[in-house]
Amino acid sequence: MLHAIAIDDEPAALDVLSRYADKVPFLQLDQAFTSTTNALAYMHQRRVDLVFLDIQMPDLSGTDFARMVAPLQKTIVFTTAHADYALEGFALQALDYLLKPIEFPRFLQTCNRAYAQTTALAGQSSSIFVKDGYDWVRVDLGEVLYIQSDTNLLFIHENTRQISTRMTIAEMLATLPADQFVRVHKSYIVALRAIRKIERHQLTVGNVTIPLAGSYRDVLEQRLLG
Amino acid sequence: MPLNQLAVSPTNPTLPRILLALTISLLLTYWGWLLLSGMEQAIEDVLPDLGGLARYLLGIVFLLAMGWLMAHLSYKLTFMRWMLRPETAPFYWIWVCVLAWLIFEGLQIRTEAVPEFVDENLLVTGVLIAFVIGYGYVADYLRTRRDQLRLMQQTTEAELTALRAQVNPHFLFNALNTIYNEAQRAHNDPVADLIGQLSGLMRYTLQEATRPTTSVESELAFIEKYVALQRARLPESDKLRVTLRTDSGGQPGDQNPLQMAPLLLIPFVENAFQYGISLEHPSYIDINIDVEGRQLQIQITNSRPPGLGQKHGGGTGIPNARQRLERAYPARHKLNITSTEETFTVNLILNLS
């Protein structure tokens, strides 16, 4: 479970975040703050994995606050209505930069990235959550062999099970870490460690043959070599 | 900042012109008066023969006019053509020499090549040539200054527009965000989604698309939002079909996503919605965007329902898009537009690099 707090001077914005957080099974929004002072005190006392931080606030800007709490090494996600601050936000090593109004799929993407990062840091293999029908299913990224897209559905193949989820391949690409997965075809993403054989126009993952499109060949070779 | 001067001077252009006209007529009157009083004696002598004086004055005016015409033509036809580039400048000086020779020979013929008149003819030639050269430089200086002023004015206008666009978005996005929050609070998800898409569109056109290039991914996301908003305006019906399939060909966690010039594709999509959809007749739009390697391909097919068909081609969208493609991807794109009775198809291949 991820423990998160949100800081924003507008209560309505905090409402949206807490409603979204309710929909994400692995995220617990413990507190929402309208001022940075209270948030700072809280961060020193309680467990906080993830901070949703507005940038434009009257007393102390979000970027200044982020600089201040940098020693605490919390994962920070900036939320703002303005794209102008994006560069500064990324320079501060934020995990992500959410532009308001924040839409739920984008929010979920960020949470999944935070989750994968946190689980990996905790020494567990990193994992994400996807929705299979009405259920949230935890997917251990270390177990995934390959992911196949078919119109609006994604099929996540593991050794022992197959999960289908309503997601676009673009959303999945934005969620997965670059060092573990590579796209080899219009409709296939494979786990780098699961590749057993590469041939000219196909590769073998587990015991399944997957087409390798010419335009993705270079990237595959690059990522395999380092 | 010369902003105020620039803004004021074009608003009242008549006053300086009146002043100029007054000054010139004053000067000419003064000179005329001097000339006349100096020639008073001569006039008295030839008073009965007023026609001679008129002819004399007319001759002077004619000579001045010819001199001016020569200088002006020399400026327009030779100075403008050759002097603006250093490598062709010698041509202009060759022309000046030829002109000097011609004038001198003309004067020689007039004075029947009498040796006593050679120095006088040389002097007159010199004066005329100096006038021609001087005219060229002065006219060129004035032209450059005018162009500079116009350019400065344009820059100021562009700056003002940029300023306007900079002030508004902050307010605009805050407002859209507030509406979004309210729609969420009222559990009105369709409205919230539409507001989300609308702000995405606005953000893209106002901010990202002002840069020379943007990632293919965000351009495709923009088209997705545009199509979603357009679809929301249309009724649900079996007779109506809108499909969109996009693939930016990206990789997981891409650090250097493929870049492209922004807003190149949207005119074709807009065109399809403008002319391809009818509420009375069965109609459809199918859009396919694919990226393979560094090659982007977009294919748009739409029906041409009767009644909308004849409007086709009247718009400026597609010609403008063609021009922008020509400028952004010269010789690196292939645009095929085929039009039949029932369908209109756009097929565009871009070589991004």
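Helix axes here are lines fitted to C-alpha atoms over the stretch in contact, and angles between them run from 0 to 180 degrees between N-to-C directions. Keep that in mind for the helix stops. The model is predicted.

**Stop 1: α8 and α9 of chain B**

Select residues 216-233 of chain B, helix α8. Add residues 266-276 of chain B, helix α9. The two axes come within 11 Å and cross at roughly 15°. Angles under 35 degrees count as roughly parallel, and α8(B) and α9(B) are therefore roughly parallel to each other. The crossing is right-handed. Show side chains next. From α8(B), Ile223(B), Tyr226(B), Val227(B) and Gln230(B) make the contact; α9(B) supplies Ile266(B), Val269(B) and Phe273(B). Six of these residues are nonpolar, one is polar and none is charged.

**Stop 2: α7 against α8**

Keep α8(B) and bring in α7(B), residues 189-206. How do these axes cross, and how close do they come? They come within 9 Å and cross at roughly 135°. This pair is therefore oblique. The crossing of α7(B) and α8(B) is left-handed.

Select the α7(B) side of the contact: Leu194(B), Gln197(B), Leu198(B), Gly200(B), Leu201(B) and Tyr204(B). Across from them in α8(B) are Ser218(B), Phe222(B), Lys225(B), Tyr226(B), Ala228(B), Leu229(B) and Ala232(B). The residues of this contact divide into nine nonpolar, three polar and one charged. Pause on Tyr226(B): this residue takes part in the contact with α7(B) and also in the contact with α9(B).

**Stop 3: the chain B sheet**

Now show the strands of chain B. Five of them form an open sheet in the order β2-β4-β5-β7-β6, with mixed pairing. β2 (240-247) and β6 (333-339) are the edge strands; each has a single partner, so one side of each lacks a neighbour in the sheet. From one strand to the next, the twist averages 5°.

Zoom in on β2(B) and β4(B). Eight bridges pair them in the parallel sense. Pick Val242(B): its bridge partner in β4(B) is Ile285(B).

**Stop 4: α9 over the sheet**

Return to α9(B) with the sheet still shown. The helix lies across β4, β5 and β7 of chain B, and runs at about 5° to β5(B). Which residues of α9(B) are buried? They are Pro267(B), Phe268(B), Val269(B), Asn271(B), Ala272(B), Tyr275(B) and Gly276(B). Their cover includes α8, β4 (283-292), β5 (295-303), α10 (317-328) and β7 (343-351) of chain B. Val269(B) is on this buried list and is also in the contact with α8(B).

**Stop 5: where the chains meet**

Show both chains. The contact joins 24 residues of chain B to 24 residues of chain A. On the chain B side, α6 (118-185) and α7 (189-206) are the elements that give two or more residues. α6(B) gives the most, with ten residues. The chain B side divides into five nonpolar, 15 polar and four charged residues.

**Stop 6: chain A and its five-stranded sheet**

Hide chain B. Chain A has seven helices and 15 strands. Of its 226 residues, 40% count as buried.

Select the open sheet of five strands in the order β10-β9-β8-β12-β11, where the pairing is antiparallel. β10 (162-166) and β11 (181-185) stand at the edges with one partner strand each, so one side of each has no neighbour in the sheet. The twist averages 20° from one strand to the next. Inside the sheet, β8(A), residues 144-150, pairs with β12(A), residues 188-191, over three antiparallel bridges. Tyr146(A) stands opposite Val190(A) there.

**Stop 7: a hairpin in chain A**

Select residues 127-132 and 135-140 of chain A, strands β6 and β7. They run antiparallel and are joined by six bridges. Phe129(A) has Arg138(A) as its bridge partner. Two residues lie between the strands of the hairpin, where Gly133(A) takes a positive phi near 65°.

**Stop 8: Ala94 of chain A**

Finish in the loop between α4 (86-91) and β5 (96-99) of chain A, and select Ala94(A). Is this residue buried or exposed? Ala94(A) is buried, with 20 other C-beta atoms within 10 Å. Beyond its neighbours within four places in sequence, Ala94(A) is in contact with Ala66(A), Ile76(A), Val77(A), Phe78(A) and Gly89(A). Draw one last distance, to Thr63(A): the C-alpha atoms are 9.8 Å apart, across 31 residues of chain.

Notes:
Residues numbered from 1 in each chain as written. Chains lettered and ligands numbered in written order. Predicted model: local features only at pLDDT ≥ 70, side-chain atom pairs only at ≥ 80, totals over all residues. Helix = DSSP H or I, 4+ residues; strand = E, 2+ residues; numbered from the N terminus. Buried ≥ 20, exposed ≤ 12 C-beta atoms within 10 Å, placed from the backbone. Pairing = 2+ DSSP bridges. Contact = placed C-beta atoms within 7 Å. Nonpolar A, V, L, I, M, F, W, Y, C, P; charged D, E, K, R; others polar. Parallel < 35°, antiparallel > 145°, perpendicular 65-115°, else oblique. Left-handed = near helix turned anticlockwise from the far one by under 90°.
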